[in-house]
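Let's take a look at one protein model, starting with a pocket and then moving on to a sheet and its helices. Keep the 3D view open while you read.

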Amino acid sequence: MHKLTKDEELYLLNSIRTIKDFPKPGILFRDITTLLNNKDAFNFLMNHLEKRYKNYNLDFIAGIESRGFIFGAALSAKLEVPFVPIRKPKKLPHITISQKYSLEYGIDEVQIHIDAFSHIKDAKVLLIDDLIATGGTAKASIQLINQTNAKCIEACFLIDLKNLGGSNEIKNMTEIYSILEV
Ligand code: AMP
């Protein structure tokens, strides 16, 4: 299983900016726009994900709105695997299924198109997002994928805020790959 060395982890970590008290007091916001803005770091990350997942025989990659779209869609194009967006309410135009969840800073809901994975039986899905905090968003997203008769075989996060316990929340639902643990 392809993983990063400590030096490579540090390189990626240093490309991510941390903003204090955003979007509200007490939150240390991990700002991945600085990684995206650094062509070498972004390219390094995407090549790493390509190496890790190229032999997984994935049927789909599902990305969580909105930062999961960036990494998920880029990986989909590299691996030539279709991409499925998991979105905030009232964004998807066709029939959807929904799941509510609590966030590190509020309550929210995710939705997926009911037929997103329907053209492949028992589709193997990789879920991807930039960060796991309390795990609410990821848990709701895995539930959505599994409710459509597909199977979330791994959840991949660029950053795992370990002390918020999110990966513990979902560890019985799927395999987890967190590139950076903070
Ligand atoms: P959670 O459901 O608590 O695991 O929250 C994960 C979602 O919220 C992800 O989509 C993240 O992009 C976003 N998020 C939560 N906490 C942070 C944080 N400290 N910095 C950046 N994004 C965050």
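## A pocket to start with

This is a predicted model, and its second largest pocket has a volume of about 170 Å³. The lining of this pocket counts 13 residues, and the closest to the centre are Lys3, Tyr177, Ser178, Ile179 and Glu181.

So what kinds of residues line the second largest pocket? They split into six charged, five nonpolar and two polar. Both α1 (6-14) and β9 (175-181) supply at least two lining residues each. The largest share, six residues, comes from β9.

## The sheet

Now follow β9 into its sheet. Five strands make up this open sheet, in the order β4-β3-β7-β8-β9, and the pairing is parallel. At the edges you'll find β4 (83-86) and β9, each with a single partner strand, so one side of each has no neighbour in the sheet. On average, neighbouring strands here are turned by 20° against each other, ignoring direction.

In general, strands of a sheet pair through backbone hydrogen bonds, and they can do that in a parallel or antiparallel way. Check out β7 (residues 124-132) and β8 (residues 151-160): they pair in the parallel sense over eight bridges. If you want a spot to zoom in on, Val125 stands opposite Cys152 in β8.

## Helices on the sheet

Remember α1 from the pocket lining? This helix lies across β8 and β9, and runs at about 70° to β9.

Helix α4 (residues 67-79) packs on the sheet too, touching β3 (60-64), β4, β7 and β8. The direction of α4 makes about 140° with that of β7.

Notes
Residues are numbered from 1 along each chain as its sequence is written. This is a predicted model: local features need pLDDT of at least 70, side-chain atom pairs count only at pLDDT 80 or more; totals for chains, interfaces and linings use all residues. Side-chain values use heavy atoms; hydrogens and water are left out. On a 1 Å grid over the protein atoms alone, a cavity is a set of points where a 1.4 Å probe fits but cannot get out, and a pocket is an open set with protein on both sides within 12 Å along at least five of seven lines; lining residues have an atom within 4 Å of a point. Grid points are joined across faces, edges and corners, and a volume is the space filled by probe spheres set on the points. Helices (H or I, at least four residues) and strands (E, at least two) are DSSP runs, numbered from the N terminus. Ala, Val, Leu, Ile, Met, Phe, Trp, Tyr, Cys and Pro count as nonpolar, Asp, Glu, Lys and Arg as charged, and the others, Gly among them, as polar. Two strands pair if DSSP finds at least two bridges between them. Axes are lines fitted to C-alpha atoms, for helices over the stretch in contact, and angles run from 0 to 180 degrees between N-to-C directions. Contact means heavy atoms within 4.5 Å.
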